Amino acid sequence: MTGVAGDPRSAAASARRLGKRLSWGELGPRLGSAAVMMAAALLTTVWGGILFGLFWFAAALIILREWQALVGGPRGALPLSAGGLALGASAVLAGASHLVGALASLVLGALALAALASPARRTMAAAGILYAGVPLVALVVLRHATPFGTLAIFWLFAVVWGTDVMAFFGGRTIGGPKLSPRFSPSKTWSGFLIGILSGGLLGLLVVPSVADKPRLLVLGLVAGALAQAGDLFESALKRRFGVKDSSALIPGHGGLMDRLDGFAAAACFAACLGVVRHGVDAPGLGLFSW
């Protein structure tokens, strides 16, 4: 039965339809921004070396700045310089396979930012540089791996991007029970499952021919699930501090934290697994050789 004017059920239905149209209408700027970011990430990965390190150092510095703005941590030239110095040192040391030194640099940076923050914000201020810096170290360690350094980063791209894209479309198309309505009302279990399965399968397209593909599929599922968990963590953080996006840096996406939350979690997982299995000099081998 068609709703009549003034019928609250009709108004609610109209609002839901409008919200859905607006959500799909956001695809234009989202896709344009995503294409630029993906191209830059892929090109710097292929190039490797200093360019790769600088690209992800810049990303980590932006994330650190967004984090401090989000949690009310220290801002200004001095905190950003202290954080940048710690992040830069960690990237250089990670590139030279000095993992302990890289992590120690981040700890020192965290202590410096804690000292510059107000007493009520010291823990969150210190956590920011770890949130930004640990994925930086993980990515640099993976990319500098011999063999399979480039493939390790491409595998992460395939898994995380595949998970994100298909979770979005799967959730919007199928709907159903919410994954975590308290922290992210738009995420559904259908999107989550479709996303991680798609990401795991896409990851198989870039693994070495000698890889054990059934095991790599399982690793892809785990990495995809962790990417979704990283997204939920950032959503919970934003809800705690009452903001929608970490910043307005990227049209259609919000801030860089909003785009790299899941990728950061998956990168840390891949690097830890690779280093534990084959050491800091060959994490790519540890990731793909079973």
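Axes here are lines fitted to C-alpha atoms, for helices over the stretch in contact, and angles run from 0 to 180 degrees between N-to-C directions. The model is a predicted one, so local features need pLDDT of at least 70 and side-chain atom pairs count only at pLDDT 80 or more, while totals for chains, interfaces and linings use all residues. Residues are numbered from 1 along each chain as its sequence is written, and side-chain values use heavy atoms, with hydrogens and water left out. Helices (H or I, at least four residues) and strands (E, at least two) are DSSP runs, numbered from the N terminus.

Two packed helices are described by the angle between their axes and the distance between the axes. For helix 7 and helix 9, the angle is about 60° and the axes are 9 Å apart. That makes the pair oblique; in this scheme, angles under 35 degrees count as roughly parallel, over 145 as roughly antiparallel, 65 to 115 as roughly perpendicular, and the rest as oblique. Helix 7 passes helix 9 in a right-handed crossing. A crossing is left-handed if the near helix is turned anticlockwise from the far one by less than a right angle, and right-handed if clockwise.

On the helix 7 side, the residues that meet helix 9 are Trp-155, Val-159, Val-160, Thr-163, Asp-164 and Ala-167. Their partners in helix 9 are Leu-216, Leu-219, Gly-220, Ala-223, Gly-224, Ala-227 and Gln-228, with contact meaning heavy atoms within 4.5 Å. Sorted by class, this contact holds eight nonpolar, four polar and one charged residues. For the classes, Ala, Val, Leu, Ile, Met, Phe, Trp, Tyr, Cys and Pro count as nonpolar, Asp, Glu, Lys and Arg as charged, and the others, Gly among them, as polar.

Thr-163, found in helix 7, counts as buried at 0% relative accessibility. The cut-offs are simple enough: buried means under 20% relative accessible area, exposed over 50%, and partly exposed in between (1.4 Å probe, protein chains only). Leaving out residues up to four places away in sequence, Thr-163 touches Gly-195, Ile-196, Gly-199, Gly-224 and Gln-228.

As for its length, helix 7 runs over residues 149–174, and its 26 residues should span 38 Å at 1.5 Å a residue. The end C-alpha atoms of helix 7 are 37 Å apart, which agrees; the expected span of a helix is 1.5 Å times one less than its number of residues. Right after helix 7 comes Gly-175, with a positive phi near 70°.

Helix 8 (residues 189–203) gives a similar check: its 15 residues reach 21 Å from first C-alpha to last, close to the 21 Å expected at 1.5 Å a residue. The buried residues of helix 8 are Ser-190, Gly-191, Phe-192, Gly-195, Ile-196, Ser-198, Gly-199, Gly-200 and Gly-203. Their cover includes helix 7, strand 1 (178–180), strand 2 (184–188) and helix 9 (213–241).

Next comes the pair formed by helix 5 (residues 99–116) and helix 6 (residues 122–143), whose axes come within 8 Å and cross at roughly 160°. Helix 5 and helix 6 are therefore roughly antiparallel to each other, and their crossing is right-handed. Helix 5 contributes Leu-99, Ala-102, Leu-106, Gly-109, Ala-110, Leu-113 and Ala-114 to the contact. From helix 6 come Arg-122, Ala-125, Ala-126, Ile-129, Leu-130, Gly-133, Val-134, Val-137 and Val-141. By class, the contact has 13 nonpolar, two polar and one charged residues.

The loops bring some backbone oddities. In the loop between helix 6 and helix 7 sits Pro-147, and the peptide bond leading to it from Thr-146 is cis, with omega near -5°. Phe-148 is in the loop between helix 6 and helix 7 and has a positive phi of about 70° although it is not a glycine. Phe-148 counts as partly exposed, at 24% relative accessibility. Ser-97, in the loop between helix 4 (77–95) and helix 5, also has a positive phi, near 70°, in a residue other than glycine. The relative accessible area of Ser-97 is 25%, which is partly exposed.

His-98 lies in the loop between helix 4 and helix 5 and is partly exposed at 47% relative accessibility. Although 182 residues separate His-98 and Val-280 in sequence, their C-alpha atoms are 8.1 Å apart in space. Ile-50, found in helix 3 (residues 49–71), counts as exposed at 67% relative accessibility. The C-alpha atoms of Ile-50 and Gly-95 are separated by 9.1 Å, with their positions 45 residues apart along the chain.
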